[in-house]
Amino acid sequence: SSIPKIVILGAGYGGVLTSLRLQKELNYNEADVTLVNKHDYHYITTHLHMPAAGTDNPENARVNISKLIDEFKIDFVKSTVVQIRPQDRKVILEDGTLSYDYLVIGLGGEPETFGIPGLLENAMNIRSINSVRLIREHIEYQFARFKREPHRTDYLTFVVGGAGFTGIEFIGELSDRIPELCKQFDVDPSLVKIYNIEAAPTALPGFDPELVEYAMEVLRKKGVTFRIGTAIKECTPDGVIVGDGEEIRSQTVIWTGGIRGNRLIEEAGFETMRGRVKVDEFMRAPGHENIYILGDNSLVFNPEGRPYPPTAQIAMQAGVNCAHNLVASIRNQPLKGFAYSNKGTVASLGKGEAIGIAFGKKYKGRVAAWLKKAIDLRYLFIIGGIPLVLRKGKFL
Ligand code: FAD
């Protein structure tokens with residue numbers, strides 16, 4: 001009989017953890033494993049707010065896939081998936097076709113714009129190495145432009161749409177970066193404005209209110225203006241229209257207001273909610289015993305029936321569980337249900353400042369910032385061991 005073929009789509013948190021576990025657990029010739037990813041590197045999404053603001057080098061937010069996986073055990077294919085065809089057990093790539101017996105989908109999310117006009121065309125997103133390099137260069141360029149046209153203060157107005165974790169972490173970094181840019185370009189810091197606009201009645205909805213208040217205070221002191229409970233109605237080439245028609249003129253709008261699943265999943269015919277598949281207890285697509293869906297592409301419900309927010313943490317745990325179940329399926333052993341264990345959440349607010357909840361306790365300030373570093377280093381250790389920690393880790 002032939003060896004079962006496992007195809008993993010996406011080398012994000014879910015796909016990488018599945019691959020690493022499979023290469024450890026599978027015996028020689030027990031399965032044929034192929035990992036497909038658009039780039040030949042994995043990006044550490046949870047770092048991207050730093051290179052986006054220019055407070056860290058984009059190189060520190062990516063790792064070559066060849067450094068992570070054992071290419072004797074897993075075939076890596078650098079390509080873009082263009083179609084998933086469950087009925088034929090095939091995946092169409094931009095430059096070829098793969099057939100599978102088992103499929104793992106971990107293609108990550110796409111920005112959700114909630115139909116706000118102009119957002120897709122005029123706002124930037126923090127979601128990949130390419131997108132953060134663009135944001136970083138764009139921000140610097142606005143300072144350079146302002147020196148040529150000093151009446152254009154809109155060049156120095158930065159709008160961040162969304163006060164979720166990504167938005168808050170990004171403005172933390174941006175407010176650290178602005179003073180440096182002011183010095184570098186001889187710009188009066190009082191001319192620079194950073195707006196964080198959020199439609200919900202609070203920043204970081206669902207998070208501990210005392211920590212949210214602390215975070216907003218830290219960021220206000222660094223020069224951020226919050227517009228909470230204010231919806232962005234439209235994004236234009238000249239800025240944003242908010243609330244009842246007020247215009248905030250800006251050449252830089254960064255949208256962090258929402259993530260949805262992947263278009264390819266909807267197109268494949270799976271039933272989705274905002275591009276995410278409500279998976280079964282084993283993280284499989286309903287009606288497809290051989291298709292696992294992980295991370296931002298899946299919708300996992302907690303025991304109270306509410307969906308967990310999509311995070312790197314849950315994507316990693318899903319990857320580990322998925323690898324276990326793939327091996328079990330191949331060996332005709334019983335599958336293990338997925339049970340998420342939340343280890344805590346920490347959000348950075350820029351240098352030396354953060355808030356978080358971990359081990360059932362609240363943390364803020366320097367201690368929380370250390371905790372954030374420890375979580376980042378732990379991730380590097382999990383995927384690449386000590387060598388990766390030494391190469392990419394930030395200790396200070
Ligand atoms: P991803 O990590 O998004 O990976 C998807 C992969 O698929 C990518 O490598 C992509 O290149 C590839 N891909 C996409 N489309 C194709 C295609 N068509 N063909 C081939 N390859 C493709 N979560 C936390 O738990 N803690 C945090 O502190 C945290 N901070 C964050 C900070 C920021 C700035 C951001 C943006 C997110 C943060 N998150 C955090 C959320 C977390 O990053 C995501 O939930 C997580 O990355 C989801 O993992 P994933 O495996 O589903 O997909």
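The questions and answers below concern a predicted model. Residues are numbered from 1 along each chain as its sequence is written. Local features need pLDDT of at least 70, side-chain atom pairs count only at pLDDT 80 or more, and totals for chains, interfaces and linings use all residues.

Reader: Which residues come nearest to the ligand?
Author: A residue is near a molecule if its C-beta atom, placed from the backbone, lies within 6 Å of it. There are 34 residues around the ligand. The nearest are G10, G12, G108, G295 and T311.

Reader: How many residues of the shell around the ligand are charged?
Author: Asp, Glu, Lys and Arg count as charged; Ala, Val, Leu, Ile, Met, Phe, Trp, Tyr, Cys and Pro count as nonpolar; the others, Gly among them, are polar. The shell has twelve nonpolar and 18 polar residues. The number of charged residues is four.

Reader: Where does the ligand lie with respect to domain 1 and domain 2?
Author: Domain bounds come from an automatic or database domain assignment. Domain 1 covers 5-38 + 79-109 + 261-333, and domain 2 covers 113-257 + 343-396. Both give residues to the shell, so the ligand lies between them.

Reader: Which are the edge strands of the open sheet β19-β20-β22?
Author: Strands are DSSP runs (E, at least two residues), numbered from the N terminus, and two of them pair if DSSP finds at least two bridges between them. The pairing in this three-stranded sheet is mixed, with β20 (residues 276-278) and β22 parallel over two bridges. Each edge strand pairs on one side only: they are β19 (272-273) and β22 (298-299).

Reader: Which residue in β22 stands opposite K278?
Author: Strand β20 comprises residues 276-278. Opposite K278, in β22, stands L299.

Terms used. Helix = DSSP H or I, 4+ residues; strand = E, 2+ residues; numbered from the N terminus.
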